[in-house]
Amino acid sequence: MQRRLAAPAASAPVESGKGAAKQRGLGVVLSLQGLLIIAVLVALAPAAFMIMTSLKTPEQYNIDRLGLPDPFTFGNYAQVISQHPFLLWMANSAILSVGSVLVSTAVAALGAYAIARMRFRGRELLLSLSTSLMAVPPVVMVVPLFVMFTQIGLVGTYQGVILIYAGLLTPFSVYLLVTFFRTIPTELIEAALIDGATPLGVLTRIILPLSGAPLVTLFIVNLLYVWNDLLIALLFLPNENLRTLMVGISVFQGRYLQNIPLSMAGMALASVPMLILYIVFQRYFIRGLVAGAVKG
Amino acid sequence: MVRTRPLTPYLFIAPLVGLLVFIFGYPLARVFDFSTRRIRGFDGPSVGFANFEALFADPVFWLAVRHNLQLLLAIIPLLLLSLLLAIALYERLGGWRIFRTIVFLPYILAIPIVAVVLRNMFQLNGPINTVLRSVGLEGLALDWLGDADIALWTVMAMIIWRESAFGVVLFLSRLLSLNEELAESAQLDGANWWQRTLYIVIPQLRGVIEFYLVLSLITLLAAVFSYVYIVPGRGGPGNATMILELYIYNWAFDKRLPGMGAAVSVVLFLVTIVFMVLMFRLRRQAAAEEVG
């Protein structure tokens with residue numbers, strides 16, 4: 001696995017159906033199939049509960065916890081959208097996610113190019129330090145960061161929070177890009193340099209265009225991380241109009257502890273953006289999260 | 001390596017170093033400094049180890065430590081469950097790709113969303129207890145989140161539900177890259193499915209299993225804030241699901257004593273250093289394989 005982890009983007013996932021002629025007892029096959037079916041049901045149950053409940057009225061839910069909605073009502077969704085700024089929250093989350101990913105990728109690409117292809121003192125040390133920062137839990141930095149950000153007036157600003165997220169994402173971005181950049185033949189770079197390209201030009205015109213796969217991976221893993229984060233957003237964006245989706249729903253759910261169908265409609269709505277991304281980019285999600293294991 | 005002017009590499013790494021110092025380096029240095037001060041606002045007088053003394057005298061701190069340690073137990077079901085499911089998927093029985101897509105679904109849903117949905121399912125009169133009662137398991141219909149003795153176990157079950165999805169995909173992708181000749185020749189030698197799985201397939205997963213263990217330990221120690229913040233409601237009932245992350249949050253932001261929060265952070269950081277070393281060694285191994 002280490003090899004795959006080390007060069008995740010470079011190796012395509014092996015998904016061939018080879019090795020078909022395996023011999024297994026019928027008992028083994030049946031129990032494995034049974035296990036998988038149970039696992040799928042357990043994995044799906046909460047999503048099914050969420051969607052079914054969101055289509056019931058509170059009265060219906062009180063009578064019947066598990067049955068199908070009868071009749072289906074979309075009133076909960078209408079109420080959620082009309083009374084709560086879900087779209088604003090999503091927009092805030094999107095701005096923060098995309099902003100952090102762009103900043104982190106730019107900073108990491110510059111650094112990773114130098115680490116992978118240039119000679120300078122402290123190169124290995126920088127890579128080791130940066131890599132080991134992947135294991136530092138963000139909560140450890142939160143207290144001093146908050147004090148520092150209060151002091152310099154960055155609490156409650158997009159820029160401040162984007163900086164924090166970008167910082168947290170960067171060790172992984174550097175790690176992934178260094179690994180990939182090292183697989184790009186030096187001859188390509190040297191040829192461009194002889195043709196008069198600047199080092200920055202080499203990065204933007206030769207290396208990055210070749211790095212589509214790791215860049216997509218980075219984009220997805222890092223986007224998911226920022227989109228799903230609660231702690232940083234909760235602390236650093238106290239202003240109501242800057243709330244992210246995760247902070248929004250944690251406030252929202254607290255107000256509707258008794259109205260579970262409404263609460264479920266909110267959750268279902270909040271799941272939509274990532275579900276769409278997952279369905280469209282499933283391959284990259286799986287490949288990227290396996291590569292990005294460290295982001296948890 | 002490409003030849004450059006001597007200063008060029010430093011220009012390229014400058015933003016990286018700057019960002020890492022700003023978000024990791026400086027705060028990590030400050031957190032040690034803060035832990036020895038009584039901070040009001042931005043700064044405060046040095047109090048030596050008084051914060052740590054207060055911390056170690058606080059029963060809630062030890063409760064949080066105990067809960068984090070208890071959550072570490074989840075590592076065993078996490079590993080076994082994801083290994084078992086990955087191996088089942090690896091057999092490529094009918095529809096395995098769809099199964100894989102669905103099994104990974106819990107990991108796509110954000111923890112706060114998962115937490116809200118599962119909390120409702122685990123209510124005293126929620127759907128889980130409804131099912132248990134309807135199949136005659138009245139005695140198992142517990143107050144999953146309201147009962148202080150059970151709440152943390154319930155949270156643990158939720159963590160296992162979501163985090164094992166990742167393990168499955170991790171192990172499966174390693175399995176799919178294995179060389180199958182070994183297992184095939186063992187089959188020719190008469191080894192049955194169990195023998196092949198236990199003695200041929202699983203040993204080849206050693207590296208990825210180690211990696212997953214380290215990763216899960218870090219998650220269970222320091223990345224479960226969203227679960228306990230939402231599920232039973234801020235570490236409740238009482239302090240039944242208090243964990244170190246939430247404990248830091250409470251000191252620093254509810255009670256507004258950043259010095260105390262920093263002291264807890266220092267403790268948590270020192271523990272994670274152990275894991276950082278482990279992670280670093282795994283990575284080095286990976287790098288060595290890459291070159292070799």
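What follows is a short exchange on how some terms apply to chain B and its partner, chain A.

Guide: This is a predicted model, where local features need pLDDT of at least 70, side-chain atom pairs count only at pLDDT 80 or more, and totals for chains, interfaces and linings use all residues. Residues are numbered from 1 along each chain as its sequence is written, chains are lettered from A and ligands numbered from 1 in written order, and side-chain values use heavy atoms, without hydrogens and water.

Visitor: Why is Pro9(B) called buried?

Guide: Buried means under 20% relative accessible area (1.4 Å probe, protein chains only). Pro9(B) has 1%, so Pro9(B) is buried. In chain B, 58% of the 292 residues are buried.

Visitor: Where in chain B is Pro9(B) placed?

Guide: Pro9(B) lies in helix α1, residues 8-34. A helix here is a DSSP run of H or I, at least four residues; a strand is a run of E, at least two. Chain B has 15 helices and zero strands.

Visitor: What does Pro9(B) touch, not counting residues up to four places away in sequence?

Guide: Contact means heavy atoms within 4.5 Å. Pro9(B) touches Ala114(A), Met118(A), Arg119(A), Phe120(A) and Thr4(B). Between the chains, 118 residues of chain A contact 108 of chain B.

Visitor: What is the area buried between chain A and chain B?

Guide: About 10400 Å², with 76% from carbon and sulfur atoms. Buried area is the accessible area (1.4 Å probe) that two parts lose on being put together, summed over both.

Visitor: How many salt bridges count between chain A and chain B?

Guide: Zero. A salt bridge needs a side-chain nitrogen of Lys or Arg within 4 Å of a carboxyl oxygen of Asp or Glu.

How values were computed: Buried < 20%, exposed > 50% of the residue type's maximum accessible area, 1.4 Å probe, protein only.
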